[in-house]
Amino acid sequence: MSSVTVVRRKSSRARPGIKFYVDYWMLLAAAGLVVIGMLMVYSTTFDLGEQVYDQATYYFRRQAIALGIGLAFILGFMQFDYHILRRFSVLIMSGTLLLLIVVLLFGQSNFGATRGLVNNSYQPSELAKLASILYISHWLSSKGDRIKDVTYGLLPFGVITGVVCFLIVQQPDVSTAGLIAIVSLTIFFIAGAELKQMAIAGVAGGTVFLILMRTLPHVEARIRAWQEVLRDPEQAIWQVRQALIALGSGGYAGVGLGNSTQKFGPLPAAHTDGVFAILGEEMGLVGSLLVLGLFAMLIWRGLQTATRARDSYGFLLALGITCWLGYQALINIAVVTAVIPFTGIPLPFLSYGGTSLVFSLAGVGILLNISRDAHITTREQPTTQPTESPRASFNLRRRNGWARLSRPGRRR
C-alpha cells in the first residue's frame, strides 16, 4: 500500500480576505489592453468623428460608454457563482438565436451586410460567441463519456453549432461563424471527443467552406487575393497592402501616438479591423510586442484558471473563453500581417466596437470568477487530508486538466 501523509493546513479563517481573491495578473493584462485600446480608438477616430459628426470625441465617448458597461459586467460576474450561468445557459442561447433571427428580418444593412440593430450599435453575433461557449460547456460537461458516441455526441453538437453558424453566415459574417465553429470544436475535442469524430467534423466543415466559396462571391475573392499575395506581395489587396505599409512605417519606436498617416484615408476601417496596423505605425515594434505580451499573459492566466477549476463545467467554460479571445486576436493580427486571407474580425479590447468590448470584458469577468472559485475551494479544504505522491498528482492533473476530459462534471 502506498504511504499517505497527513498534512495540517491553516484554516481559511486565518485569511479573512480570501473571499475577495482576484487574479491580478489576468486583471492587469485585461486592463493594459483596454487602456491601449481606448488610446487607439481616439487616435484612429478623432479625424473621422470631426468630419462625420463635427465631434472629435464622438467615437471615443461611445467606446467609453461601452467600457463602463463592460466594467459593470466584470464586477457583476465576480460577485456571484459562475454556476448560475449554467442554469440560464439554455435561456441565453435561445435568446441569442432569437436576436440573430431578428437581425436578419429587421437589422440595418451596412456595406452589404446586415449585422446590427439600433443603428448598428448592437451586434448579436458578438453575444453569440459567449452564448455558444456557455451552452456548449454546459451541454458537454453533463454528458461525460457518452459524447464519444457519434449519434449521441457529434450529431447533436453539429446541430447546435451549425444552427448558430448558419444564422451568422446569412448576415453574411463568415469570419465570426468560423471563429465560433473553431472554438466549439476545440471545446468538443478537449471534452473527450474521439479522433474519428473530429475527422468527420473536419470533413463536414471543409465541405461547408467549399460551398460558401461557391455561393458567396466575396469569400472566393478573398481566397484568391490571398493566393496572389503568396505568389507576389505586390499583388495584395488595397487594405492588406496599406496595413503592411503602416506596420513597416512604425520602425522600432513608432512615429508617435496620433501621428499615423495611414489612418487618414489610405487604410480602410483603421479603427476596427486595421487597428493593429495603426498601433504598429504609431507605437512601433515595442508597442506591438507589448500588446502581444499582454494577450499572451491573458491567455496564460486563462489556461491556468481552466486547469485549476474545481469541476468540468468550470474547466470547459474557462478554456472556451480563453480560446475565443486568443483565437480572435490571432486571426485579426494574422490578417493584418497577410498570413491568412482577409477577414473582417475585430481585435479584442482594441478595435472600436461597443458590443465587442462589452462581451470581451464579460468573458474576463467570468474567468476571474472561476479563478476565485478555484482559489477559495483550494484554501477551504479540510485541515486534515491525504496528499498523493508527485507521480499520482501529475497523472490526476493530466487526466482532469490539460489533455482530455473524459468524465461527467460534478454538479454543485
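## Exercises on core, helices and salt bridges

Leaving out neighbours within four places in sequence, L317 is in contact (heavy atoms within 4.5 Å) with Y82, I133, L134, S137, I366 and I370. The model is predicted, so local features need pLDDT of at least 70 and side-chain atom pairs count only at pLDDT 80 or more, while totals for chains, interfaces and linings use all residues. Residues are numbered from 1 along each chain as its sequence is written, and side-chain values use heavy atoms, with hydrogens and water left out.

**Exercise 1.** Place L317 in the largest nonpolar core and find which helix gives the largest share of this core.

*Solution.* Start with the term: a nonpolar core is a set of buried Ala, Val, Leu, Ile, Met, Phe, Trp, Tyr and Cys residues joined through side-chain atoms within 4.5 Å. Buried means under 20% relative accessible area, exposed over 50%, and partly exposed in between (1.4 Å probe, protein chains only). The largest core has 99 residues, and L317 is among those with the most contacts inside it, along with L140, L317's partner I366, I321, W324, F349 and L350. The largest share of this core, 15 residues, comes from α12.

**Exercise 2.** Check the span of helix α5 and say how covered this helix is.

*Solution.* Helices are DSSP runs (H or I, at least four residues) and strands likewise (E, at least two), numbered from the N terminus. The expected span is 1.5 Å times one less than the number of residues. For the 18 residues of α5 (residues 124-141) that gives 26 Å, and the end C-alpha atoms are 25 Å apart, which agrees. As for cover, 18 of its 18 residues are buried.

**Exercise 3.** Work out which parts of the chain the salt bridge of R301 and D23 ties together.

*Solution.* A salt bridge is a side-chain nitrogen of Lys or Arg within 4 Å of a carboxyl oxygen of Asp or Glu; the structure holds five. In this one, the side chains of R301 and D23 meet at 3.0 Å, N to O. R301 lies in helix α11 (residues 275-308) and D23 in the loop between β1 (5-8) and α1 (24-53), so the pair joins parts 278 residues apart in sequence. R301 counts as buried because its relative accessibility is 8%, and D23 is buried too, at 2%.

**Exercise 4.** Decide whether I331 is buried or exposed, and list its contacts.

*Solution.* I331 sits in helix α12 (residues 312-336). Its relative accessible area is 18%, so I331 is buried. Not counting residues up to four places away in sequence, I331 touches L179, I340, T343 and I345.
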